[in-house]
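Welcome! Take a look at the model below, and then let us walk through its confidence, its contacts and its core.

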Amino acid sequence: MIANRSIRALPYLLTLCTGTVLLISQDPYWIQLVLGASLLAILALSWDILSRTGQVSLGQAAFFGIGAYASALCGDLGWIVGWLMAAAVCGVTALLLGLLTLRLRQVYFTIATIALSLSFKVLILVFGTFTGGASGIAPPMIGDGNPNVQMCAVLVLVLLSILASDLFLSDRYRPAFFMIRTKPSLAAVSGIPIVRTKVLAFVVSGMLAGLAGAAYAGLYGYIVPDDVFALSWSIMPLAATILGGMDSTIGPFFGAIALKVLEGVARNYVGGVGYQIVYGVVMILCIAVLPKGLAGLLAAVREASSPRHRATGAGVTERVL
Amino acid sequence: MDISGLIQTSMLAVAVAGLYAAVASGLTLEFGVTRIVNFAHGEFVMLGAFITFFLYSDYGFPFVACVAVAGTAMALLSYVVFVTFLARVLKQDEHNQFLATLGLSILIVNLAAVLWTPDARSMHPENLLPALQLGGATLPGNNLLVILISAAMYSALALFMRYTRYGIQMRMASSDIDLATLCGVNVDRVFTLSFVIGGFTAGVAGSLVALILYVHPLVGLDLVIRAFAIVALGGLGSIAGAVIGALVLSISEGFVSTFVPEGGSWGFGVAFVLIVLVLIIRPTGFFGRSIQA
Amino acid sequence: MEGLRVNEVTKSFGGLKAVDQVSLTFERDHITGLVGPNGSGKSTLVNLLSGEYRPTAGQIRLGDRNIAGMRPDRVVRLGLARTYQIPKFPSELTIREIIDVPLRYVSRQQFALQGPKDVPSIADFCGLTRSLDTRCGQLSVTDLRRLEIARSMACFPTVLLLDEVMAGLSHEDATEIAALVRRLKGWGITIVIIEHLMRIITDLCDHVVVLNSGKLLAEGHPVEVLTRDSVREAYLGRSFKL
């Protein structure tokens, strides 16, 4: 299982190394890139955590926006309090919405998450006097604008997300999550409390997405509803995770990086918002051809070339991811 | 509000219900037979709307011809999509199937946004039928046409399902797929057919959208969410239920936008509230299968 | 001694009474067979017992508690476990991981008076010879059945419902599984098996219950019940011979 453990350590190591390198080099172009990829990685991991229970959430945009605004509305208390508020508000929202909709057929939960983004956007506009309405609001900048503090804060958040994802892949949670997804009735008669488990995943997922939103708000110093509640914040993590490979930590993590690269390429060819086609294309190609994403492809290649496989001709008996 | 206002609102609601029912019946047919929740169904409606818009506005096709072309084109596209992509996904689990149709939906919406810009367009059609006068209220001719076309399509679908060989096979597959296979039903063909028919109804529904609503890339998403609300009300897999659910939804929306301040901008909020109510009051819907997991 | 008592239980779906005022007692340390034609209400009854359905009327008494309408994860924690005829396991999970789930989530190890208590011994008891790290996606149908029984045993139940565990198996495999079930007798468990194979019923069961159209048609000693005219009429066919 040693190879297993080193693969699982990769995201942590990569994050720490990147942070160290950037702290030394101080290159603003790369810092921007890494921050963008980091936010996507956090969102992708948060999406995958819930997806393992069989629920497809399109609510990352909602929590992203809620987190951004929660931290913005606490402007006077500083960015750290802002982040805590973001996590708290998102956690409670996920709890309430989850208790209501996680017992429904999957598609209705997904619709509810879409409705969540739109509803909160309307709320922000309706309470414009407090929230700045359509013209936006200025949240507190992380570390008063110090790019080193900003980058470290975001990378700490990335590490937190990796940890959360790994926690839910542990022996206690992973089998339970998968059983809920594959056959909930079987999971229930094995003692798993279905709604409670799904709600737990949803709450953690929502909190991480909310923290990502708070981080985003604190990086740029100004947010508008049309930006932070944009549906693309829900679609990107979906595409990233499917590209990288679902049901793992390295999948969403490296998928986020890969998607950022593809996005950059697509942007060069298609102006405006059209580059978002790449998300749909990625999703379709992967599901049709590579259901386990790039990670699955790598695992298959490893299996095919491993001496054990050639000797026995047997299938994989070891958990590679 | 007076009686004629009430009648006006109701008549408009019936027209919109016809449109909604057209969208929902294809969705519920596809689900009933293949058990795939086709999130991309709305995008076929949207494409049908765009086809109708361009044929009518830029090429001067008569509206009825546009309906036929849109329906046929979407049936064909559905066929291609199903055979090349969705059929493959049938072998995977429900989770992946849903993600597949979601991905398809995202792709088509963005493609439309790139090709035709996200702006809303209106066909500005002339009234193809005389307006209907009833008790002081007026139903515009085009709304009347929507009711007639959707009623015709619904009847055709109902007759097909009831009396033709393929219709019966589809109902068998809908009810018990293993039993259907044992009875010699060619499941692949029936699955494909359900998507082809679903695509056709989506195309026709798209024409109706172009006739009385605005045409823009996100119109499909708007409608498909309402379609799901309708399916929750009427029960999954039930086409009759789709009609009743559509009426309930559109009448509710009509009354909300007339009587509730800012009601018009609720978007699909009414649909969402109805879903929640169905969950609380009658989770099994009124006809078909429950929306509870 | 009473293991599980069903009191006037009815389950209606719309206008249809799938289970109609059924009253039964399942005895401890006995293997009771539950038989009847398709649509007779056997599966519905099992789903009522395991908590998947809530009865329209009636009580289900496990010990001194009425478990009717309780959530399935609660029912299993009170000691009633069941198997599914077609178990759908996530294909990437291993034998070990599946059997481990009830050990963690039902956590009734302290109630296990007899028999295997950990993953390897449970797997072994159920005849699973493959490595515990084999994924479900690679198991044969028979092994999946064995795994399903192992999973239910890991719930350390006092009442065990086996839903057609032998359906579609070869003669050898079915006999092996029957032997497995027989070994559970004497552990203080109430065992209920649903089967269509009359040979198994007569071999294994101390008591048989016949359902028809949701109602209790007959119950008693297997040989006696299965030769009754009313039962042959409704279910077995006149030319049926034991």
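Within chain A, the predictor's confidence in each residue, called pLDDT and running from 0 to 100, differs between two helices, as the table shows. Helices here are DSSP runs of H or I with at least four residues, numbered from the N terminus.

| Helix of chain A | Confidence in chain A | Mean pLDDT |
|---|---|---|
| H16 (residues 307–312) | lowest | 52 |
| H8(A) | highest | 96 |

This is a predicted model, where local features need pLDDT of at least 70 and side-chain atom pairs count only at pLDDT 80 or more, while totals for chains, interfaces and linings use all residues. Residues are numbered from 1 along each chain as its sequence is written, and chains are lettered from A and ligands numbered from 1 in the order in which they are written.

Chain A has an average pLDDT of 87, and 93% of its residues score at least 70. Over residues 309–321 of chain A, pLDDT stays under 50. For that stretch the model has 18 contacts beyond four places in sequence; two residues are in contact if their C-beta atoms, placed from the backbone, lie within 7 Å.

How do the chains meet? Two pairs of chains touch, and chains A and B share the most contacts. Chain B and chain C are joined by no contact, and their closest C-alpha atoms lie 10 Å apart.

A:Ala239 is worth finding in the view. Leaving out residues up to four places away in sequence, A:Ala239 touches A:Leu259, A:Tyr279, A:Val282 and A:Met283.
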